[in-house]
Amino acid sequence: MLEEIIGKKSGKVKNRIERGAVKKFVEALGNSSPLFTDEEAGKRSRYGRNIAPPTFPVTFDGGSIPGLHLPDKGLIHGEQNYHYTRPLFVGEEVHCWREVKDYYEKTGNFGRMGFLIVTFYGEDASGQLLFSEERIVIINEAARREMEA
Amino acid sequence: MSGLDQMEIGEALPTIQLAPVARLDLIKYAGASGDFNPIHTIDADAESAGLPGIIAHGMWTMGNLAKLFTPYLGEGFMRDYAIRFKGMVFLGDVVSLRAVLKEKEGETLHFDVEAVNQDDKKVLSGKVAFSMEIEEVF
């Protein structure tokens, strides 16, 4: 039944990479580099501006996928894969959306688990792809039943 | 800093050992990332989810692992960053982050990466393709 969500997409949502949000994010991880936060160092770099770290898209709003309602409990983050065409720039607009790439089930020691693969895309204002992110979420049997109910 | 292009196959980047995981680390990450799932910050919620205690966000560990490459971001960028989560990270765990160069392909360096806990158990592992080729699109 959950297979019906394969191919469903969210609408595009405009995000802006805020300087303060990048600073807070890299500070929370202790990931310090003048390239993230120092404006002068950004100007002197090959990018001519500051960049955001590779997992920063977790902060973006990608909209919601119609028909996909994940429960609060019983989910395991299995995999996370990023592909970039270039680093993200502080201050730029990124237009994001999600798509359910696949859903399948497997029976194992812990019952029948669901595997949900959601791709998250980010484009610049001209429609050029900046990054894609694939996330695999494993849904345990109880949570899967809840979603089917 | 420079030098990634000087690396030999089989060579490792300097390992990073994180301080023991503290609740405040995860509270800060929850706020900065927007992931407020309470199993990462509140004991009672973690326990009611069947966990022995709160666990780090997988993306906290993945975000930390990216620090191995931060000193080299003036030379290139993490084109591909692929991680499989293998085990949970608990409060007090001491996580070490490692990257080993496996292959050079033109301007791209392919690394195997992993994060292990104090018992040398993998908590995540994966691959990084670090590209020194940046299109002049900006």
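B:K127 is a residue of strand 5 of chain B, and in this predicted model its surroundings can be described in some detail. With 16 other C-beta atoms within 10 Å, B:K127 is partly exposed, because a residue counts as buried at 20 or more such atoms and as exposed at 12 or fewer. Leaving aside residues up to four places away in sequence, B:K127 touches B:D80, B:A82, B:H110, B:F111, B:D112 and B:V113. B:V100 is 27 residues from B:K127 in sequence, and their C-alpha atoms are 9.5 Å apart in space.

Strand 5 of chain B, residues 122–131, is preceded by a loop that follows strand 4, residues 108–116, and this loop holds B:D120. Although B:D120 is not a glycine, the residue has a positive phi of about 65°. Is B:D120 buried or exposed? B:D120 counts as exposed, because 7 C-beta neighbours lie inside 10 Å.

**The two chains**

Chain B contains three helices and five strands, and from the N terminus on these elements run β-α-α-α-β-β-β-β. Chain A has four helices and seven strands, which follow the pattern β-α-α-α-β-β-β-β-β-β-α along the sequence. The table sets out some overall values for each chain.

| Chain | Property | Value |
|---|---|---|
| Chain A | Span of the C-alpha trace along its principal axes | about 55 × 35 × 20 Å |
| Chain B | Span of the C-alpha trace along its principal axes | about 50 × 35 × 25 Å |
| Chain A | Buried residues | 32% of the 149 residues |
| Chain B | Buried residues | 38% of the 138 residues |

Contacts between residues distant in sequence can be given for each chain as well. In chain A, residues 24 or more positions apart account for 71% of the contacts with a separation of 6 or more, and in chain B 63% of the contacts between residues at least 6 apart in sequence join residues at least 24 apart. As for confidence, chain B averages a pLDDT of 94, with 96% of the residues scoring at least 70, and the model scores ipTM 0.95 and pTM 0.95.

**Where the chains meet**

In the contact between the chains, 29 residues of chain B are in contact with 26 residues of chain A. On the chain B side, the elements that give two or more residues are helix 1 (23–33), helix 3 (58–65) and strand 2 (77–85). Which element of chain B gives the most to this side? Strand 2 of chain B does, with nine residues. By residue type, the side of chain B that touches chain A divides into 15 nonpolar, seven polar and seven charged residues.

Strand 2 of chain B is also paired across the chains: five bridges join this strand to strand 3 of chain A, residues 75–84, and the two run antiparallel. Within this pairing, the bridge partner of A:N81 in strand 2 of chain B is B:A82, and B:A82 is also one of the residues that B:K127 touches. Strand 3 of chain A has a further antiparallel partner in its own chain, since nine bridges join strand 3 to strand 7 of chain A, residues 129–139. In that pairing A:I76 stands opposite A:I138 of strand 7 of chain A.

**Helix 1 of chain B and the nonpolar core**

The buried residues of helix 1 of chain B are B:D25, B:L26, B:Y29, B:A32 and B:S33. They cover an arc of only 130° around the axis, and therefore lie on the same side of helix 1 of chain B. An α-helix has 3.6 residues a turn, so residues three or four places apart point the same way. The cover over the buried residues of helix 1 of chain B includes helix 1 (19–29) of chain A together with helix 3 of chain B. Just after helix 1 of chain B comes B:G34, which takes a positive phi of about 85°.

In soluble globular proteins, nonpolar side chains tend to be buried together. Here the largest nonpolar core has 69 residues, of which A:V22, A:A52, B:F69, B:M78 and B:V128 touch the most other members. A:A52 touches A:I17, A:V22, A:F36, A:L88 and A:V90, again not counting residues up to four places away in sequence.

Technical notes
Residues are numbered from 1 along each chain as its sequence is written. Chains are lettered from A and ligands numbered from 1 in the order in which they are written. This is a predicted model: local features need pLDDT of at least 70, side-chain atom pairs count only at pLDDT 80 or more; totals for chains, interfaces and linings use all residues. Two residues are in contact if their C-beta atoms, placed from the backbone, lie within 7 Å. Ala, Val, Leu, Ile, Met, Phe, Trp, Tyr, Cys and Pro count as nonpolar, Asp, Glu, Lys and Arg as charged, and the others, Gly among them, as polar. Two strands pair if DSSP finds at least two bridges between them. A nonpolar core is a set of buried Ala, Val, Leu, Ile, Met, Phe, Trp, Tyr and Cys residues joined through C-beta atoms within 7 Å. The arc is that of the directions from the helix axis to the C-beta atoms. pLDDT is the predictor's confidence in each residue, from 0 to 100.
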